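Colleague: I have a few questions about this model, if you have a moment. Could we go through it together?

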Amino acid sequence: MRDVAQLAGVSAQTVSRALSDHPNVQPETRQAVKDAAKSLGYRRNATARALVTGKSNMIGVITLSTSSYSRMTLIVGIEREAAARGYSVTFVSITNLSARSLEDGLGRLVAQGVDGIITAIPLQDSSTEVENLLSEVPSVAIDTPLPAGEQVVGFDQGHAARLAVEHLIECGHTNIWHVAGPKDWIESEARIAGWRRALEEHQLPVPPEIYGDWSAESGYRAGLILGRMPDATAAFVASDEMAFGLIKAVKELGRCVPEDISVVSIDDIELAAYCAPPLTTVRQPLEEMGRHAVRHLDVLLGDEEALEPQAKTTFIVPELIVRSSTAAR
């Protein structure tokens with residue numbers, strides 16, 4: 001840094017400010033510093049900077065290991081917002097939702113010296129060790145409250161399910177089946193409860209739910225079951241990807257969507273509009289949720305006391321997107 005300063009004719013502090021994009025540096029000075037750094041092949045060392053400042057400028061994210069398109073969209077939102085705010089991101093994925101797996105994942109992030117942590121998992125199980133780890137660094141949760149009661153970016157899964165089911169009821173359907181997500185996911189349980197509540201309030205029968213695992217393959221298997229039920233005229237599917245599989249299976253059995261079976265789901269991933277037919281779904285803006293989580297964490301890392309109590313949680317409002325996969329009975 002001293003070499004860059006000497007070549008650019010400025011102080012080492014000015015070099016630091018210029019390379020950090022500090023606003024109190026004149027544009028011509030910033031450019032001179034960058035030109036000098038480039039000519040000398042100088043790059044800032046993150047480890048050295050962390051030793052000086054006590055901050056790594058690194059955000060840790062813990063997720064569940066999955067190839068789900070929707071989860072990848074969430075990660076994209078986190079990465080893009082983090083980059084815009086000058087953070088790098090390190091990810092740890094866990095293979096199951098046990099407290100032990102969560103402890104191991106959080107421990108790895110804390111050991112890497114991250115400034116803050118975003119938990120992007122459907123947390124159901126906790127432990128004293130999990131709470132201790134989360135108390136060591138500022139933490140933000142997506143959709144599931146943390147044991148330590150930190151910030152949450154929330155999406156009302158139950159309300160999203162009700163929007164989907166009530167749309168089918170408005171279309172005149174009275175036999176509405178549900179293809180649910182895995183039993184150990186909070187999102188799955190909330191969507192089942194919303195589906196069940198909507199049917200009960202309209203005094204409609206509640207069929208047994210069919211469980212999937214968020215994959216198109218599991219939706220396909222569910223479709224092979226529902227497609228053979230002549231009285232099944234509508235299906236609420238817990239995710240777009242499972243809905244894709246269900247629609248394929250129904251068509252292979254000679255039934256039409258939406259003429260024979262109306263299908264509605266949750267997520268509104270980018271591919272939903274290009275399904276055949278285009279999929280009616282409740283929008284869960286996962287990229288936006290990821291961005292909100294980084295914004296919350298950035299505030300925590302700056303000055304947590306500056307947050308108003310009501311700003312501790314950001315609630316994303318579900319929105320029904322009606323396309324061609326649903327129609328009047």
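Colleague: What share of the 329 residues of the protein chain counts as buried?
Modeller: Keep in mind that this is a predicted model. A residue is called buried when its relative accessible area is under 20%. Of the 329 residues in the protein chain, the share that counts as buried is 49%.

Colleague: And how much of the accessible surface of the protein chain belongs to carbon and sulfur atoms?
Modeller: The C-alpha atoms fill a box of roughly 80 × 45 × 35 Å along the principal axes, and the chain has 12 helices and 12 strands. Its accessible surface comes to about 15500 Å². The part belonging to carbon and sulfur atoms is 50%.

Colleague: Among contacts between residues at least 6 apart in sequence, what percentage joins residues at least 24 apart?
Modeller: Two residues are in contact when heavy atoms lie within 4.5 Å. Taking the contacts in the protein chain between residues at least 6 apart in sequence, the portion that joins residues at least 24 apart is 71%.

Colleague: Let's turn to a helix pair. Is α8 parallel or oblique to α9?
Modeller: Two packed helices are described by the angle between their axes and the distance between the axes. Here α8 (residues 157–170) and α9 (residues 186–201) have axes 7 Å apart and pack at about 40 degrees. Angles under 35 degrees would count as roughly parallel, and 65 to 115 as roughly perpendicular. The angle of α8 to α9 therefore makes the pair oblique.

Colleague: Is the crossing of α8 and α9 left-handed or right-handed, and how do the residues of their contact divide?
Modeller: The crossing of α8 past α9 is right-handed. Residues of α8 including Ala-161, Val-165 and Ile-169 take part, and among their counterparts in α9 are Ala-190, Trp-195 and Leu-199. The contact also includes Arg-162 and Glu-166 from α8, with Glu-187 and Arg-191 among those from α9. By class, the contact residues divide into seven nonpolar, three polar and six charged.

Colleague: Is Lys-248 buried or partly exposed?
Modeller: Lys-248 belongs to helix α11 (residues 240–252). Its C-alpha is 9.9 Å from that of Arg-221, at a separation of 27 residues in sequence. With a relative accessibility of 48%, Lys-248 counts as partly exposed.

Colleague: How does Ala-99 count by its relative accessibility?
Modeller: Ala-99 sits in helix α6 (residues 99–111). Its C-alpha is separated by 31 Å from that of Val-282, 183 residues apart along the chain. At 9% relative accessibility, Ala-99 counts as buried.

Colleague: Which residues does a cis peptide bond join at Pro-258, and which at Pro-277?
Modeller: Most peptide bonds are trans, which makes these two worth a look. Pro-258 lies in the loop between α11 and β9 (262–267), and omega of its cis bond is about 10 degrees. Pro-277 lies in the loop between β9 and β10 (280–283), where the cis bond has an omega of about 0 degrees. The pairs are Val-257 with Pro-258, and Ala-276 with Pro-277.

Colleague: What are the phi values of Trp-214 and Asp-267?
Modeller: Most residues other than glycine have a negative phi. Trp-214, in the loop between β7 (210–211) and α10 (216–226), is buried at 14% relative accessibility. Asp-267, in strand β9, is buried with a relative accessible area of 5%. Both have a positive phi: about 80 degrees for Trp-214 and near 140 degrees for Asp-267.

Notes: Residues numbered from 1 in each chain as written. Predicted model: local features only at pLDDT ≥ 70, side-chain atom pairs only at ≥ 80, totals over all residues. Heavy atoms only, no water. Axes fitted to C-alpha atoms, helices over the stretch in contact; angles between N-to-C directions. Helix = DSSP H or I, 4+ residues; strand = E, 2+ residues; numbered from the N terminus. Parallel < 35°, antiparallel > 145°, perpendicular 65-115°, else oblique. Left-handed = near helix turned anticlockwise from the far one by under 90°. Nonpolar A, V, L, I, M, F, W, Y, C, P; charged D, E, K, R; others polar. Buried < 20%, exposed > 50% of the residue type's maximum accessible area, 1.4 Å probe, protein only. Areas by Shrake-Rupley, 256 points an atom, 1.4 Å probe, with all protein chains shown as cover.
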